[in-house]
Amino acid sequence: MPGARTSAHPIFTVQPREPLDERRVEHLSALAAEVRRLNEATVHTALPEEELTELTAQVRALTDRLDAARRAFPPVSGDGYTTPGEGMLQQIASPVTGELNPIAPPCRIEFLEDGSVRTEFTLNFLYEGPPGLAHGGVSAMVLDQLLGLAANNNGTPGLTASLELRYRRPTPLGQRLTAEARIDRIEGRKAYAVGRILNAEGKVTIEATAMFVMPMLG
Ligand SMILES: CCCCCCCC/C=C\CCCCCCCC(=O)SCCNC(=O)CCNC(=O)[C@H](O)C(C)(C)COP(=O)(O)OP(=O)(O)OC[C@H]1O[C@@H](n2cnc3c(N)ncnc32)[C@H](O)[C@@H]1OP(=O)(O)O
């Protein structure tokens, strides 16, 4: 693959990822933003069935066009997975933070000077669990990612070995949520992180703790 680059970690050597320049990321992000709108409109639409049939054919045609030039793996940007801190913004196809991934809210991450990470985001009805409320698994995904980024930002990246959540209050849809995470402690290969989600009033809805371990690969 021309220009393909892999990170230092062996797992990525079998999956070469194309690094994209800023301009291309912008174009693909604009496309993903429209697909995100499409996803939501699909759930909410009350159009009559004849129109839905016509629109289905149009969407199929668009997808066929995009798929005509298909990459084997999603691309990365810049240094992809390898760079702590800012570099992690480059995981552009992540289901949580990826600007290029239409299923990502997306959560835009701030890397703070004290090493913690933070994001402000809103969940719409695509992420509904109980009526009007965020799906607990979606909140778990956001927290897993955020705590993982805190571990990575600390220079101790790893896979999630455990993730524990305490759902204290319902997490609402359609209002600004804040999530934050930081490293609590390191024990050998284990990085322990803590985090939480807060509602628009600043009340904690979910508390999370997680442990990340970098796998020993040959
Ligand atoms: C492969 C490439 C990695 C790249 C690094 C990532 C870059 C990060 C960049 C950007 C982050 C973005 C954010 C991402 C966020 C999302 C993350 C996910 O979704 S991860 C997917 C879900 N998680 C899995 O699929 C893990 C599956 N499990 C495993 O692969 C293994 O079990 C693993 C690696 C966790 C540990 O396996 P072992 O063989 O390397 O090591 P052992 O010896 O079993 O454990 C090491 C120590 O940890 C303890 N340990 C392991 N699992 C534990 C657990 N569940 N609870 C408590 N302790 C546990 C053990 O007791 C041991 O402790 P003692 O050294 O003896 O003190």
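A residue is taken as buried if 20 or more other C-beta atoms lie within 10 Å of its own. By this criterion, in the predicted model examined here, glutamate 99 counts as buried because it has 21 C-beta neighbours inside 10 Å. Glutamate 99 is placed in the loop between β2 (76-77) and β3 (108-111), and, when its neighbours within four places in sequence are left aside, its contacts are with Val25, Ser29, Ala32, Ile92 and Pro106. The C-alpha atoms of glutamate 99 and leucine 28 are separated by 8.1 Å in space, although the two residues stand 71 residues apart in sequence.

For the chain as a whole, the secondary structure amounts to 3 helices and 8 strands, which follow one another from the N terminus in the order β-α-α-β-β-β-α-β-β-β-β. Of the 218 residues in the chain, 27% are buried. Among contacts between residues at least 6 apart in sequence, 60% link residues that are at least 24 apart.

Helix α3 comprises the 18 residues 136-153, for which a rise of 1.5 Å a residue predicts a span of 26 Å; the C-alpha atoms at its ends are 25 Å apart, in agreement with that expectation. The helix is mostly covered, with 13 of its 18 residues buried, and it is followed by glycine 155, which has a positive phi, near 85°.

The largest nonpolar core contains 27 residues, and those with the most contacts inside it are Leu143, Leu146, Leu147, Ala150, Ala151 and Ala193. At least two residues of this core are supplied by each of α3, β6 (177-187), β7 (190-198) and β8 (204-213), with α3 giving the most, at 7 residues. In soluble globular proteins, nonpolar side chains tend to be buried together. Leucine 147, one of the core residues with the most contacts, touches Ala181, Ala193, Gly195, Ala208 and Ala210 when residues up to four places away in sequence are not counted.

Helix α3 also contributes to the surroundings of the ligand, where it provides the largest share of the shell, 5 residues. At least two shell residues come from each of α3, β5 (159-167) and β8. The ligand has 23 residues around it, of which Gly148, Pro157, Leu159, Ala161 and Pro215 come nearest. When the shell is divided by class, 12 residues are nonpolar, 8 are polar and 3 are charged. Helix α3 is thus represented both in the largest nonpolar core, with 7 residues, and in the shell around the ligand, with 5 residues.

Notes: Residues numbered from 1 in each chain as written. Predicted model: local features only at pLDDT ≥ 70, side-chain atom pairs only at ≥ 80, totals over all residues. Helix = DSSP H or I, 4+ residues; strand = E, 2+ residues; numbered from the N terminus. Expected span 1.5 Å × (residues − 1). Buried ≥ 20, exposed ≤ 12 C-beta atoms within 10 Å, placed from the backbone. Core = buried A, V, L, I, M, F, W, Y, C linked by C-beta atoms within 7 Å. Contact = placed C-beta atoms within 7 Å. Near = placed C-beta within 6 Å. Nonpolar A, V, L, I, M, F, W, Y, C, P; charged D, E, K, R; others polar.
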